[in-house]
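I opened my notebook to look up a few residues one by one. Here is what I wrote down as I went.

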Amino acid sequence: VQLQACGGGPVQAGGSVRLSCAASESSFSTYDVAWFRRGPGPEREFVAAIRRSDGRIDYSDSAKGRFTISRDSAKTQVYLQMNSLKPEDTAVYYCAAAKVPHIIVSAIRLGTSYDYWGQGTQVTVSS
């Protein structure tokens with residue numbers, strides 16, 4: 001399964017961006033999907049996830065209240081709406097999908113829970 005993330009680009013602080021993640025196979029509709037990001041540092045950071053089985057949504061503390069993860073009704077795409085962007089949101093954003101359904105809650109934020117990764121899309125927030 002190949003994931004394609006798009007929608008990134010330059011934006012001013014306080015602005016908004018919507019990222020999209022689509023897959024090469026229809027099985028994507030059955031996967032749990034998450035967004036991660038990697039900023040200037042080496043760490044990859046969890047941003048948000050949506051679980052297909054029950055629609056459970058998780059956000060990182062930095063994303064909560066500003067970002068919204070959603071899925072279209074056909075479950076062919078997953079979106080990350082990012083509002084009130086800050087310079088510290090500057091990062092490469094990756095979508096990831098897990099082929100094993102229903103990731104347990106304690107593992108939702110772990111990159112190792114996901115099997116497929118997109119190539120990333122750069123978001124640059126200027127002050």
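**Entry: Asp 89.** Is Asp 89 buried or exposed? I looked up its relative accessible area and got 1%. The cut-off for buried is under 20%, so Asp 89 counts as buried. A reminder to myself: this is a predicted model. Next I checked where Asp 89 sits, and it is in the loop between β8 (77-82) and β9 (91-98). Which side chain does the side chain of Asp 89 make a polar contact with? I found Arg 66, at 2.7 Å. I also listed what Asp 89 touches, skipping neighbours within four places in sequence: Arg 37, Arg 66, Phe 67, Ser 84, Val 123 and Val 125.

**Entry: Asp 32.** I moved on to another Asp, which is in strand β4 (residues 32-38). Asp 32 is buried too, yet I found no salt bridge for it. How far away is the nearest side chain of opposite charge? That is Arg 51, and I noted 5.3 Å. A salt bridge has to be within 4 Å, so Arg 51 does not make one with Asp 32. What I did find is a polar atom of the Asp 32 side chain 2.9 Å from the backbone nitrogen of Arg 52. With neighbours within four places in sequence left aside, the contacts of Asp 32 include Ile 50, Ser 53, Ala 96, Pro 101, His 102 and Tyr 114.

**Entry: Tyr 31.** I stepped back to Tyr 31, in the loop between β3 (17-23) and β4. Its relative accessibility is 7%, so I put Tyr 31 down as buried. Its side chain makes a polar contact with the side chain of Ser 27, at 3.0 Å. Among the residues Tyr 31 touches beyond four places away in sequence are Val 1, Arg 52, Arg 71, Lys 99 and Tyr 116. Then I looked up Gly 14, which is 17 residues from Tyr 31 along the chain. Their C-alpha atoms are separated by 32 Å.

**Entry: strand β1.** Last stop, residues 3-6. Which side chains of β1 are buried? I noted Leu 3 and Ala 5, which point to one face. Gln 4 and Cys 6 point to the other face and are not buried. That fits the rule I know, because side chains in a regular strand alternate between the two faces of the sheet. I also checked the partner strand: β1 pairs with β3 in the antiparallel sense, over four bridges. Opposite Leu 3, in β3, I found Ala 23.

Note on methods. Residues numbered from 1 in each chain as written. Predicted model: local features only at pLDDT ≥ 70, side-chain atom pairs only at ≥ 80, totals over all residues. Heavy atoms only, no water. Helix = DSSP H or I, 4+ residues; strand = E, 2+ residues; numbered from the N terminus. Buried < 20%, exposed > 50% of the residue type's maximum accessible area, 1.4 Å probe, protein only. Lys, Arg positive; Asp, Glu negative; His and termini not counted. Polar contact = N/O pair within 3.5 Å; in protein donor to acceptor, adjacent residues only side chain to side chain. Contact = heavy atoms within 4.5 Å. Pairing = 2+ DSSP bridges.
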